[in-house]
Amino acid sequence: MSKAVQFDEYGGIDVLQVRDVPRPVPSDGEVLVAVKAAGINPGEAMIRRGDLHDRWPATFPSGQGSDLAGVIAEVGAGVAGFAIGDEVIGFSERRSSQAEYVTVPADQVTAKPSAVSWEVAGSLFVAGTTAYAAVRSVRLQPGDTVAIAGATGGVGTIAVQLAARAGATVLGIAGPANDEWLTAHGAIPVNRGDRLAERLRVAAPHRRVDAFLDLFGGGYVQLAVEELGVDPERVDTIIDFDAVERFGVQGSGNADATDVAVVAELAGLVAAGELEIPIGGVFALDDVRAAYTELEKRHTRGKLVLRP
């Protein structure tokens, strides 16, 4: 037997259970991973509450989690390139990574560089690929100015760095407690609050914002299009799906970069010291409710991670 996070109905944090379940067995083309770390993400909380039922319905009992890093414990028939004992980073598309063991297709894992910690490796997939897709979607060029709402969350901290690597001036929208981190990572901090559009223009080198990433929701798309005059094709939101229809902006996120090659590229940047993944807290698997309680406050810098 092994432990896994499950829930039997939509609801609040109290529906989450850590249960004993049969240890999974890999099918042909799959590997069994003994999970060392699994990140948690806001989208998982939205799915658990039923907020995304129309888009991504749950089947009960539902597992939870996509991010994972661990050690290969078994190799299914037909798998080449991996062996028992290999350290890997990967992802599950079955809502199953928040567990002691998980089976995944072998093409959804890649070698973990030794310089990448378990906590970082285990929280890289969702936030990393989401940031990658969002930054790519707005086609940043050297000399552009991009504003990023939610700049110090799990996705935002990565997007800030990827946008800066693209040569853009980055305006990071967050609370004042994050000013120092943003400045240290090449961004200009702009605190959320009143007269935000005006303050963004003042902070921008050419008094204009060329692109906008909404990683937080709550009206930022409208601000970008109507107050800042950003071309809708250069606005991306990962959370405000109604705004995609209303304003004709982009909705690129995790699904647009779900590729183990992207995970490997990001892990390589981390290993080379060119990308930092801040870890805001580490919780035992049995403390999954406490982890999501912290996540749903929406003030964590970087990622929260479960360690089975």
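Over residues 11–306 of this predicted model, the chain is 29% helix and 24% strand. The C-alpha atoms at the two ends of this range are 21 Å apart. The range corresponds to a UniProt annotation from an unreviewed entry, which assigns residues 11–306 to "domain: Enoyl reductase (ER)".

The nonpolar interior was examined next. The largest nonpolar core contains 47 residues. Within this core, the members that touch the most other members are Leu140, Val146, Ile148, Val160 and Leu213. The surroundings of Val146 were resolved residue by residue, with neighbours within four places in sequence left aside. On that basis, Val146 is in contact with Leu140, with Ala163, and with the residues Ala168, Thr169, Val170 and Leu171. Further contacts of Val146 are made with Ala211, Phe212 and Leu213. Two of these partners, Leu140 and Leu213, are themselves named among the core members that touch the most others. A second core, separate from the largest one, comprises 22 residues, among them Ala149, Val221, Leu223 and Val249.

Helix H10 spans residues 288–295, and its buried residues are Val288, Ala291, Tyr292 and Leu295. Viewed down the axis of H10, these buried residues fall within an arc of 90°, and they therefore line one face of the helix. The cover over the buried residues of H10 includes strand E1 (2–6), strand E2 (17–21) and strand E3 (30–40). Helix H1 (42–49), strand E13 (279–284) and strand E14 (303–307) are also included in that cover.

A buried polar position is found at Thr103, in strand E6 (residues 101–105). The relative accessible area of Thr103 is 11%, below the 20% limit, and the residue is therefore classed as buried. With neighbours within four places in sequence left aside, Thr103 is in contact with Pro24, Val25 and Pro26, with Glu30, Val31 and Leu32, and with Arg94.

Electrostatic pairing was then considered. The structure holds 15 salt bridges. One of them joins the side chains of Asp8 and Arg19, with an N to O distance of 2.4 Å. Asp8 is located in the loop between E1 and E2, whereas Arg19 belongs to strand E2, so the pair ties together parts that are 11 residues apart in sequence. Asp8 is partly exposed, at a relative accessible area of 41%, and Arg19 is likewise partly exposed, at 24%.

Another salt bridge is formed between the side chains of Glu87 and Lys112, at 3.8 Å, N to O. This pair links distant parts of the chain, 25 residues apart: Glu87 is in strand E5 (residues 87–91), and Lys112 is in the loop between strand E7 (109–111) and helix H2 (118–121). The two partners fall into separate accessibility classes: Glu87 counts as partly exposed at 37% relative accessibility, while Lys112 is buried, with a relative accessible area of 10%.

The side chains of Arg307 and Glu119 also meet in a salt bridge, with an N to O distance of 2.7 Å. Because Arg307 lies in strand E14 and Glu119 in helix H2, this pair ties together parts that are 188 residues apart in sequence. Arg307 is partly exposed, with a relative accessible area of 26%. In addition to these pairs, Arg48, Arg49, Asp51 and Glu296 are joined into one network by salt bridges that share partners.

Conventions:
Residues are numbered from 1 along each chain as its sequence is written. This is a predicted model: local features need pLDDT of at least 70, side-chain atom pairs count only at pLDDT 80 or more; totals for chains, interfaces and linings use all residues. Side-chain values use heavy atoms; hydrogens and water are left out. A nonpolar core is a set of buried Ala, Val, Leu, Ile, Met, Phe, Trp, Tyr and Cys residues joined through side-chain atoms within 4.5 Å. Buried means under 20% relative accessible area, exposed over 50%, partly exposed in between (1.4 Å probe, protein chains only). Contact means heavy atoms within 4.5 Å. Helices (H or I, at least four residues) and strands (E, at least two) are DSSP runs, numbered from the N terminus. The arc is that of the directions from the helix axis to the C-beta atoms. UniProt positions are given in the numbering used here, feature names are shortened, and annotations may be inferred rather than shown by experiment. A salt bridge is a side-chain nitrogen of Lys or Arg within 4 Å of a carboxyl oxygen of Asp or Glu.
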